[in-house]
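User: Please take a close look at one part of this model for me: the charged side-chain pairs. Once you have covered them, work outward into whatever sits around them.

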Amino acid sequence: MKIRICFLVMMLAPLVYYGAIQMAPAGRAATVSSGFHQLGKLALQKIEAAQDALGDSEEAFNARLAEADRAMAVASGAAHSAADQRDYTRLVGYLQTVKQQRILAQAAADPSQPPDHDQIDAARQGAETAFQ
């Protein structure tokens with residue numbers, strides 16, 4: 001009988017441990033919710049589409065930028081935990097970098113010269129690592 005109880009305790013110990021982690025406030029704050037993760041992926045795709053339209057006309061870029069802004073608004077409503085907020089901040093930084101690159105490209109004297117993509121690539125890497 002004692003052996004059965006020992007085996008039962010050994011089998012239930014991981015469940016109790018992981019259940020306590022998920023119920024603890026720090027455990028929930030450290031994990032990204034699945035709903036936000038899906039919405040964040042969609043927002044990331046929309047921001048990447050806006051980045052791809054950097055060289056396109058003003059109307060095409062603004063249309064894609066508006067889609068990205070709408071996706072970000074939806075993702076903002078789903079960001080509840082601290083991990084969600086952290087990843088949302090990465091997305092906002094990436095979107096702001098895309099907008100800044102468009103402004104810098106417009107301000108450049110030579111429109112045929114490609115903009116420097118180091119800053120935008122760093123922001124994109126940060127956002128992509130959060131949503132893979």
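Analyst: Let's start with Glu-67, which is partly exposed, with a relative accessible area of 34% (buried is under 20%, exposed over 50%, partly exposed in between, with a 1.4 Å probe and protein chains only). Keep in mind that this is a predicted model, with local features needing pLDDT of at least 70, side-chain atom pairs pLDDT 80 or more, and totals for chains, interfaces and linings using all residues. Numbering starts from 1 along each chain as its sequence is written, and side-chain values use heavy atoms, leaving out hydrogens and water.

The partner of Glu-67 is Lys-46: the two form a salt bridge, with the closest N and O atoms 3.6 Å apart (a Lys or Arg side-chain nitrogen within 4 Å of an Asp or Glu carboxyl oxygen). This pair links distant parts of the chain, since Lys-46 sits in helix α3 and Glu-67 in helix α4, 21 residues apart (helices are DSSP runs of H or I, at least four residues; strands are E, at least two; both are numbered from the N terminus). Lys-46 is itself partly exposed, at a relative accessible area of 26%.

Next comes Glu-58 with Arg-102, whose side chains meet in a salt bridge at 3.0 Å, N to O. Glu-58 lies in helix α4 and Arg-102 in helix α5, so this pair ties together parts that are 44 residues apart in sequence. The two ends sit in rather contrasting places: Glu-58 counts as partly exposed at 34% relative accessibility, whereas Arg-102 is buried, with a relative accessible area of 7%.

Then there's Arg-86 and Asp-87, joined by a salt bridge of 3.5 Å, N to O. Here the acid is the buried end, Asp-87 having a relative accessible area of 2%, while Arg-86 is partly exposed at 42%. Bring in Arg-90 and you get a network of salt bridges linking Arg-86, Asp-87 and Arg-90. Across the whole structure, the search finds five salt bridges.

Now outward. The fold around these pairs has six helices and zero strands, so there's no sheet to keep track of. Buried residues make up 29% of the 132 residues. The largest nonpolar core holds 25 residues (buried Ala, Val, Leu, Ile, Met, Phe, Trp, Tyr and Cys, joined through side-chain atoms within 4.5 Å), and the ones with the most contacts inside it are Phe-36, Ile-47, Phe-61, Met-72, Leu-91, Tyr-94 and Val-98. Helices α3 (34-52), α4 (58-78), α5 (82-107) and α6 (118-130) each supply at least two residues of this core, and α4 gives the most, with seven.

Ile-47 is a handy place to look inside. Beyond neighbours within four places in sequence, Ile-47 is in contact (heavy atoms within 4.5 Å) with Ala-68, Met-72, Leu-91, Tyr-94, Leu-95 and Val-98. Gln-51, also worth a click, is in helix α3 and counts as buried at 10% relative accessibility. With neighbours within four places again left out, Gln-51 is in contact with Tyr-94, Val-98, Ile-120, Asp-121 and Arg-124.

For one last pairing, try Ser-76, found in helix α4 and partly exposed at 32% relative accessibility. Ser-76 and Tyr-88 are 12 residues apart in sequence and 7.0 Å apart in space, C-alpha to C-alpha. Over the whole protein, 71% of the contacts between residues at least 6 apart in sequence join residues at least 24 apart.
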